[in-house]
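Trainee: Could we go through this one together? I'd like to understand how the descriptive labels are earned.

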Amino acid sequence: MFAKAAINILTVSQLNKYIAALIDNCAPLKRLYVKGELSDFKRNAFSGHCYFSLKDDSGKISCIMYSSVASKLRFEPENGMTVICFGRVSVYDKNGVYQLVADDIIPDGVGEMYLALNRLKEKLEKEGLFDESRKKPLPKFPSKIGVATSNTGAAVEDIKNIAARRYPLAEIIIVPTIVQGAQAAEDIVKSIEFLDGMGDIDVIIFGRGGGSADDLWCFNDERVVRAVAACKTPIVSAVGHKTDSPLCDFAADVAVPTPSAAAERVCPDFNELYSALSQIKSRLFAAVNGVIDGKIRELSDITGSPVLENYEALICSYSEKVNELRRRINERLAYIIESKEALLSLLAGKLNALSPLAVLSRGYLIGGIGGSVIKSVSQIKSKDSIDLTFSDGKAKAEITEVINNG
């Protein structure tokens, strides 16, 4: 008997999922451009997804473009057109069919230009120029608004009229700018840098009122995009009537579809502000009046109390108490002073009794020699000169004889 070898048996679903995982993880199939002829193009009326095929002389591949992307197409695809699709390969694991998930469709005639644009967009995006974290908020109440656009035409007039109507407090600084043709990109950069360098501009608007793809192409220029990204002043991109977002839209702090929309976005509505301030004023007055009314009620309650109604009797009562306290304090002070005077007199008498002067007044005298009091006959000898102190004066004497009783 031969041993049976272990067999790994997959279900159809497992195999499809395995193949799908292999393709999804294949880097070269995640971002690629495929050129071919459009066929079987259909747009689902309910979902908005587009289903079609790309084919050439010897091959064909099924494609899908989801509605979120299809709604931004710059043209209406038609069967038979030669196009370039940008996207990724994916496997629908329900039936094991692989397909191209298209993120963009470019007519072959302008393909190289758009391919270059996509490459530039990817480059700048990787550098972080389009990061949301870099976006600066627009000022709520701008004093000076800088505008970089042509000084003729509808765009600049729309901005001035809307600003004057909505927020006449703002000063509009217009820098005439070339916004079409070979010199446009360089001039747009200079205008943005000039306004940014003024130092007192609160917000900058740049753009134009519209035009063909060629007319608007300067707003895809790398120099313009970098100038917008480097601008320290909050900046608004206002390129009008475009079929697709120019690269400067991604770098700006705010992007709007027209110059008029930019003016609406930047300028607060003066009438709305006035109405809001009026409401605030009314609320403040109401609050202040409420406080005043409350204090008036408190004062009325205080003045209406029984204590204040009979305040004269209250004051009289306390006045009597104060007078009584004053009388008792004076009596106590007089007693203390008399006691201290008697004690002082007693102590003075005792001190006087001990005073040498008191002794002298009773007929005694004090003998001294060399500035010292004579307390013993041993301190003197015959013929010494001594000082005698009486109660009423002094005298000098000479010792003729010393008699020692000891």
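Mentor: Happily! Keep in mind that this is a predicted model. Let's begin with two helices: H4 (residues 154–166) and H9 (residues 259–266) pack with their axes 8 Å apart, at an angle of about 25°.

Trainee: Why are H4 and H9 called roughly parallel?

Mentor: Angles under 35 degrees count as roughly parallel. The angle for H4 and H9 is about 25°, so the two helices are roughly parallel to each other. Their crossing is right-handed.

Trainee: Which residues make the contact between H4 and H9?

Mentor: H4 brings Ala155, Asp158, Ile159, Ile162, Arg165 and Arg166, while H9 brings Pro259, Ser260, Ala263 and Glu264. By class, the residues of this contact divide into 5 nonpolar, 1 polar and 4 charged.

Trainee: Now to burial. What makes Ser90 buried?

Mentor: Buried means under 20% relative accessible area. Ser90 has 13%, so Ser90 is buried. This residue is found in strand E4 (residues 82–92). Leaving out residues up to four places away in sequence, Ser90 touches Ile23, Asp24, Val97, Tyr98, Gln99 and Val101.

Trainee: And how do you know whether Glu338 is buried or exposed?

Mentor: The same kind of check works. Exposed means over 50%, and Glu338 has 53% relative accessibility, so Glu338 counts as exposed. Glu338 lies in helix H12 (residues 311–353). The C-alpha atoms of Glu338 and Gly210 are separated by 112 Å, and these residues are 128 apart along the chain.

Trainee: Which residues touch the most other members of the largest nonpolar core?

Mentor: Those are Ile188, Phe206, Phe219, Val228 and Ile235, in a core of 37 residues. Several elements give two or more residues to this core, including helix H3 (111–126), strand E7 (171–176), helix H5 (184–198) and strand E8 (203–208). H5 gives the largest share, 6 residues.

Trainee: What is Ile188 in contact with, leaving aside its neighbours within four places in sequence?

Mentor: Ile188 is in contact with Thr177, Ile178, Val179, Phe206, Cys218, Phe219 and Val224. Apart from the largest core lies another core of 21 residues, with Ile23, Cys63, Cys85 and Val91 among them.

Trainee: Is there a general tendency behind such cores, and what is it?

Mentor: In soluble globular proteins, nonpolar side chains tend to be buried together.

How values were computed. Residues are numbered from 1 along each chain as its sequence is written. This is a predicted model: local features need pLDDT of at least 70, side-chain atom pairs count only at pLDDT 80 or more; totals for chains, interfaces and linings use all residues. Side-chain values use heavy atoms; hydrogens and water are left out. Helices (H or I, at least four residues) and strands (E, at least two) are DSSP runs, numbered from the N terminus. Buried means under 20% relative accessible area, exposed over 50%, partly exposed in between (1.4 Å probe, protein chains only). A nonpolar core is a set of buried Ala, Val, Leu, Ile, Met, Phe, Trp, Tyr and Cys residues joined through side-chain atoms within 4.5 Å. Contact means heavy atoms within 4.5 Å. Axes are lines fitted to C-alpha atoms, for helices over the stretch in contact, and angles run from 0 to 180 degrees between N-to-C directions. Angles under 35 degrees count as roughly parallel, over 145 as roughly antiparallel, 65 to 115 as roughly perpendicular and the rest as oblique. A crossing is left-handed if the near helix is turned anticlockwise from the far one by less than a right angle, and right-handed if clockwise. Ala, Val, Leu, Ile, Met, Phe, Trp, Tyr, Cys and Pro count as nonpolar, Asp, Glu, Lys and Arg as charged, and the others, Gly among them, as polar.
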